[in-house]
Amino acid sequence: MTIGRHSAVELDPALDDYQLASALVREAGQLALLMRMAGLQSQQKTSVSDIVTAADHAAEAYVLEQLQRCRPEDGILGEEGASVQGSSGRTWVIDPVDGTYNFLHGSTYWCSAIALKDSSDVLLGAIFQPEEDKLWLGGGSRPATLNGQALAVFHDNGGARNSTAVAEFGAATYIHPSWLADPLCAMPWHAAATSAAALRMLGSGSCDLGRVADGQLGCWFQHSCPEWDWLPGKAIVRAAGGATDTVRVNGLEWFMAGGTTAVRELRAALESGSVTT
């Protein structure tokens with residue numbers, strides 16, 4: 001098949017779900033990268049930093065077409081508008097380019113991500129960062145891997161990482177500047193941010209969560225994440241032996257990942273920023 005000027009691979013329906021997810025994010029990410037190299041323009045969505053490019057649309061169209069052919073009974077939900085009601089009870093959640101602002105401005109810190117969920121939970125996640133050739137994969141029935149190598153940081157040293165306090169970790173996070181003007185958001189964010197040893201704000205939640213799973217980042221928190229920004233990384237962190245959680249504070253949903261103790265302490269810090277009694 002061809003999308004624009006770029007050829008993309010037609011995938012084999014006989015692939016298992018993990019193989020299919022891996023192939024989809026790898027092909028989508030490579031397609032987006034090729035399109036960026038050929039030149040792209042962007043359109044603003046909700047703000048100057050919330051943008052979409054032709055590569056986002058083309059990568060999502062590729063994944064949509066492959067899933068409809070390889071998994072015709074499954075539902076599909078995509079960031080850029082893909083929406084298919086399936087009959088199987090399962091849904092693929094697509095983020096064709098996570099970190100579009102980074103992508104458009106030449107940073108390598110962006111990825112393609114996908115998750116498979118059913119009515120009760122996320123089943124698997126795959127994240128591919130093309131310019132660093134990193135592919136994280138994992139789910140409930142398969143331990144997490146990075147480029148096929150098992151991720152063991154949550155199991156090393158008797159699982160010490162799960163008992164390490166957030167004050168000893170660097171925390172990855174993201175908050176749009178406009179949200180800092182809203183005390184209902186800024187207060188819990190500030191409480192969590194100041195509980196960590198250091199902060200990293202790199203602009204791709206799925207890239208962050210992959211690095212929580214492989215140990216490069218200690219923990220992560222962010223508010224108001226849509227499913228495509230949360231479920232791929234959630235599946236992989238849990239498959240690596242880490243913890244995930246959500247909590248509602250001041251009307252906003254907050255999402256956390258990391259070691260068991262760090263996530264528990266992040267939750268407590270966020271709750272301390274509540275304006276209610």
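This report describes the confidence, nonpolar cores, salt bridges and one enclosed strand of a predicted model.

## Confidence of the model

The structure is a predicted model. Across the protein chain the pLDDT averages 93, and 92% of the residues score at least 70. One stretch stands apart from these values: over residues 47-51 the pLDDT is below 50. In the model, this stretch nevertheless has 15 contacts beyond near neighbours in sequence.

## Nonpolar cores

The largest nonpolar core holds 34 residues. Within this core, L24, V63, L67, W92 and I114 touch the most other members. Two or more residues each are given by the helices α1 (17-38) and α2 (54-70), and by the strands β7 (91-98), β8 (111-117), β9 (122-129) and β10 (134-139). The largest share comes from α1, which supplies 11 residues.

The surroundings of L24 can be listed in detail. Leaving aside residues up to four places away in sequence, L24 touches L11, Y62, V63, Q66, L67 and I114. Apart from the core that contains L24 lies another core, of 30 residues. Its members include V212, W230, A235 and A240.

## Salt bridges

A search of the whole structure finds 13 salt bridges. One of them joins the side chains of R90 and D74, with an N to O distance of 2.8 Å. This pair links distant parts of the chain, 16 residues apart: R90 belongs to the loop between β6 (83-84) and β7, and D74 to the loop between α2 and β5 (75-78). R90 counts as partly exposed because its relative accessibility is 21%, whereas D74 is buried, at a relative accessible area of 5%. Both residues also take part in a network of salt bridges that links D17, R71, D74 and R90.

A second pair, D121 and K234, meets through its side chains at 3.6 Å, N to O. Here the partners are 113 residues apart, with D121 in the loop between β8 and β9 and K234 in helix α6 (residues 227-239). D121 is partly exposed, with a relative accessible area of 29%, while K234 is buried, with a value of 15%. In a further salt bridge, the side chains of E253 and R248 meet at 3.2 Å, N to O. E253 is partly exposed, at a relative accessible area of 25%; R248 is exposed, at 55%.

## Strand β10 and its partners

Strand β10 is largely enclosed by the rest of the structure, because six of its six residues are buried. K134, W136 and G138 point one way from the strand, and L135, L137 and G139 point the other way. The strand is also among the elements that give two or more residues to the largest nonpolar core.

β10 pairs with β9 through six bridges, and the two strands run antiparallel. In this pairing, A126 stands opposite L137 of β10. β9 and β10 form a hairpin with four residues between them, and D133 in the turn has a positive phi of about 50°.

Strand β11 (residues 142-146) is another partner: three bridges join it to β10, again in an antiparallel arrangement. The bridge partner of G139 in β11 is R142. These two strands, β10 and β11, form a hairpin with two residues between them.

Key: Residues numbered from 1 in each chain as written. Predicted model: local features only at pLDDT ≥ 70, side-chain atom pairs only at ≥ 80, totals over all residues. Heavy atoms only, no water. Core = buried A, V, L, I, M, F, W, Y, C linked by side-chain atoms within 4.5 Å. Buried < 20%, exposed > 50% of the residue type's maximum accessible area, 1.4 Å probe, protein only. Contact = heavy atoms within 4.5 Å. Salt bridge = Lys/Arg side-chain N within 4 Å of Asp/Glu carboxyl O. pLDDT = per-residue confidence, 0-100. Pairing = 2+ DSSP bridges.
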